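Thank you all for coming; I would like to take a few minutes on one model and talk through its charged side chains and one of its pockets. Please have a look at it first, and then I will go on.

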Amino acid sequence: MSKGMYVPKESQPKQGGALAKGRVKDGKRKLVAQNKKARHDYAIIDTFEAGMVLSGTEVKSLRQGRASLADGFVQIDGKEAWLHNAHIPEYSQGTWTNHSVRRKRKLLLHREEIDKLEAKSQETGHTIVPLALYFKDGRAKAEIALARGKKEYDKRQTLREKQDRRESDRAIASAKRKQRDA
């Protein structure tokens, strides 16, 4: 390219931004914490994605991949959704600005979603549980679910089905392996 030659702006190289640095916003989730026990203890009826109101040290601690949802639950209070008992440990380089570990955190949902969750959670046996914490496009999100508690025999039945499925997959894989080697 010679000096003084006109080059349209679209074909000029980018001078910064996410695409120039190799980071592409493709909507992929970077999982931070998952509540596996919730899927075992509850029958999931509907799931929602909610933003979270966090302080700076909470975000930094989450980016280090440290959090636990084991005792967490969601409660609708005054037309707002709140995440209770989610454990986000203190940020190691944080000073006096550090957050409290198990404080309640506001969830950002649409009004219709909050109304639906509130109405359904009032029914007997229904609750709202957090399933996962993750980053999506650089923002911290929580996956929450409207759930119904399982009975003990339902839990055993689910485990039995999972084990049967695993055994059948192994048998099919071994049959394919034998067929391929023969």
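I will begin with the salt bridges and then turn to the pocket.

Please keep in mind throughout that this is a predicted model. How many salt bridges does the structure hold? The count is six, and I will go through some of them one at a time.

Let me start with aspartate 46, which forms a salt bridge with lysine 116, and here the closest N and O atoms are 2.9 Å apart. This pair links distant parts of the chain, since aspartate 46 sits in strand 2, residues 42-52, while lysine 116 sits in helix 4, residues 111-121, and the two are 70 residues apart. Are these partners buried or exposed? Aspartate 46 has a relative accessibility of 25%, and therefore counts as partly exposed, and lysine 116, at 38%, counts as partly exposed as well.

Strand 2 also carries glutamate 49, whose side chain meets that of lysine 136 in a salt bridge with an N to O distance of 3.5 Å. Lysine 136 belongs to strand 6, residues 126-136, so that this pair, too, links distant parts of the chain, with the two positions 87 residues apart in numbering. Lysine 136 is partly exposed because its relative accessible area is 27%, and glutamate 49 is partly exposed with a value of 35%.

Returning to helix 4, we find glutamate 118, which pairs with lysine 79 in a salt bridge whose closest N and O atoms are 3.7 Å apart. Lysine 79 lies in the loop between strand 3 (73-77) and strand 4 (80-84), 39 residues away from glutamate 118. Glutamate 118 counts as partly exposed at 23% relative accessibility, and lysine 79 is partly exposed at 44%. Which residues are linked in a network of salt bridges? They are Lys79, Asp115 and Glu118.

Now to the pocket I mentioned, which is the second largest one and has a volume of about 150 Å³. Its lining consists of Lys36, Arg39, His40, Thr158, Leu159, Glu161, Lys162 and Arg165. The elements that give two or more residues to this lining are helix 2 (36-41) and helix 5 (152-181), and the largest share, five residues, comes from helix 5. If we sort the lining residues by character, we obtain one nonpolar, two polar and five charged.

Note on methods
Residues numbered from 1 in each chain as written. Predicted model: local features only at pLDDT ≥ 70, side-chain atom pairs only at ≥ 80, totals over all residues. Heavy atoms only, no water. 1 Å grid on protein atoms, 1.4 Å probe; cavity = no way out; pocket = protein on both sides within 12 Å on 5 of 7 lines; lining within 4 Å. Points joined across faces, edges and corners; volume = space filled by probe spheres on them. Helix = DSSP H or I, 4+ residues; strand = E, 2+ residues; numbered from the N terminus. Nonpolar A, V, L, I, M, F, W, Y, C, P; charged D, E, K, R; others polar. Salt bridge = Lys/Arg side-chain N within 4 Å of Asp/Glu carboxyl O. Buried < 20%, exposed > 50% of the residue type's maximum accessible area, 1.4 Å probe, protein only.
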